[in-house]
Amino acid sequence: MQRELEEPPGDKPPQLSSRRAAVWEAVPDALWNDWHWQMRHRLTGVADLKRVLTLTGEEEDGVAQTLQHLRMAITPYFASLLDPHNPNCPLRRQVVPTTQELVVSQADMADPLSEDHHSPVPGLVHRYPDRVLVLVTDQCAAYCRHCTRRRLVGAKQQVMGLEQMDRVVRYVAEHTEVRDVLMSGGDPLIMSDRHIEYLLARLRAIPHVEIIRLGSRVPVYLPQRITPELVAMLRRYHPLYINIHFNHPAEVTPEVKQACGRLADAGIPLGSQTVLLRGINDCPHIIKRLLQLMLMIRVRPYYLYQCDLSQGIEHFRTSVAKGIEIIENLRGHTSGLAVPQFVIDAPGGGGKVPILPQYLISMSDGKAIVRNFEGKICAYSQPEGYRSQCQENCACCQDAERCAPQGVAGLLQGNAAVLGGEQRPAEAAVPVHICPAMLHDAALQ
Ligand SMILES: *Cc1c(COP(=O)(O)O)cnc(C)c1O
């Protein structure tokens, strides 16, 4: 037994840190591992990039032209992961601009998610009934070329001021239906510990705020930021969740593993959000490997996003079919824990809409016919004479006032007969029984 645990002779020792580009080889470890040093030495112009990469003509023009409108920044740590000679390197394409970013296609929109329309207070988006999104800064450790908020991000280079934070906190305090606050941006984790704590403490003091979430790509672009001090502070504000933007298996380095390990050890549940990107990860095998690696560093896959319609990123977009094909390659084929929800963040503020392969093939009163990942078709027998006992057991259902869900859930409850177009008031609505199977079929058309 003992022998099996030993490393086989001749094996390389485990790799503890990623490679460094030649220009930074002489930098002492203490500086290299200091996130402030990494931020100060980011690559922000053509000359910087040329010290690390051989640029193609298209990249060189792209950087020069794009920088007139948008920001570029790459941390030395992340720049060292890029292939210096291959412009198609999947990490390089995410951070080095090209002239394609200046192409605005017909479908493109400046604000595809209509976030500006759902913003009752600057920096706060209230789109869903019980949760809000707070854009706490417009800065990031590095700027993703496929960013959905590219019109805002990096534009003013500022962190939300205290006065604006106070307005956001007041809004949340006044809206007792908000039980979940999601801090994003920009990237909240590029703010100082003190600044982050100020917001966390104010939000935590609001009794109806049940959970706080952070959305970040800092663990990928700047894992040095995840210091023991930061983590010790964050863990005082539980229940706190962090979702991390990961797109490619090559992003999972020893440094990233250590950063995620620290967060997970502090009891912070970690999730991943991945954007489906043409030529970067639009392949079932790449995504499957990425998601399996996520689980190994204790990150639970959460969302796989169809790329948004933001201006200048059509060259990154895939068909919706590619996402369905990827899910088809995951469900049943690998751990269910590794399977994220594939979503389209619907244009015009439609919100996130899940997209799935069809698993429910047909239904009758007695049977639900399903197919599995192998294509096997099975019948599930439904219980005879089923009626929900919810009305008797659930306090919420007995209280019709409180129990008035919006949308299709409201239709199911008989609060209305029609959604969209001209609506009759709920009182006048004829109670209708809508067969869930019919709804399902309608969703197919
Ligand atoms: C994504 C998003 C949320 C959070 O959505 P979940 O599905 O709960 O993760 C909240 N508000 C806005 C505006 C969002 O875009």
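This tour walks through the structure stop by stop, with a selection to make at each one. Keep in mind that the model is predicted.

**Whole chain**

Show the full protein as a cartoon. It has 18 helices and 12 strands. Of its 445 residues, 45% are buried. Now switch on the surface. About 23000 Å² is exposed, and carbon and sulfur atoms supply 53% of that area. Contacts reach far along the chain: among those with a separation of 6 or more, 72% join residues 24 or more positions apart.

**Helix H5**

Select residues 57–66, which make up helix H5. Which residues of H5 are buried? They are Glu59, Gly62, Val63 and Thr66. Look down the axis. These residues cover an arc of only 95 degrees, so they sit on the same side of H5. A general rule helps here: an α-helix has 3.6 residues a turn, so residues three or four places apart point the same way.

Next, add residues 46–50 and 92–95 to the view. These are helix H4 and helix H7, and the buried residues of H5 pack against them.

**Aromatic pairs**

The structure holds 5 aromatic pairs. Start with tryptophan 24 and tryptophan 32. Their ring centres are 6.0 Å apart and their planes meet at 50 degrees, so this pair is tilted. Tryptophan 24 is buried, at 4% relative accessible area. Tryptophan 32 is buried too, with a relative accessible area of 4%.

Move on to phenylalanine 78 and tyrosine 221. This aromatic pair is edge-to-face, with 4.8 Å from centre to centre and 90 degrees between the planes. Where in the fold do the two residues lie? Phenylalanine 78 is in helix H6 (residues 76–79) and tyrosine 221 is in helix H10 (residues 218–221), so the pair ties together parts 143 residues apart in sequence. Are phenylalanine 78 and tyrosine 221 buried or exposed? Both are buried.

Go back to the tryptophans and add Trp37. Ring pairs link Trp24, Trp32 and Trp37 into a cluster.

**A surface patch**

Finish on the outside. Select Val408, Leu412 and Leu419. They form a nonpolar patch on the surface, and their accessible area together is about 250 Å².

Zoom in on leucine 419. It lies in the loop between helix H17 (407–412) and helix H18 (436–444). Why does leucine 419 count as partly exposed? Its relative accessibility is 39%, and partly exposed covers the range between under 20% for buried and over 50% for exposed.

Notes:
Residues numbered from 1 in each chain as written. Predicted model: local features only at pLDDT ≥ 70, side-chain atom pairs only at ≥ 80, totals over all residues. Heavy atoms only, no water. Patch = residues over 30% accessible without salt bridge, like charges linked within 9 Å, V, L, I, M, F, W, Y side chains within 5 Å. Areas by Shrake-Rupley, 256 points an atom, 1.4 Å probe, with all protein chains shown as cover. Salt bridge = Lys/Arg side-chain N within 4 Å of Asp/Glu carboxyl O. Helix = DSSP H or I, 4+ residues; strand = E, 2+ residues; numbered from the N terminus. Buried < 20%, exposed > 50% of the residue type's maximum accessible area, 1.4 Å probe, protein only. Contact = heavy atoms within 4.5 Å. Arc of directions from axis to C-beta. Phe/Tyr/Trp six-rings, centres within 6.5 Å; stacked < 30°, edge-to-face > 60°.
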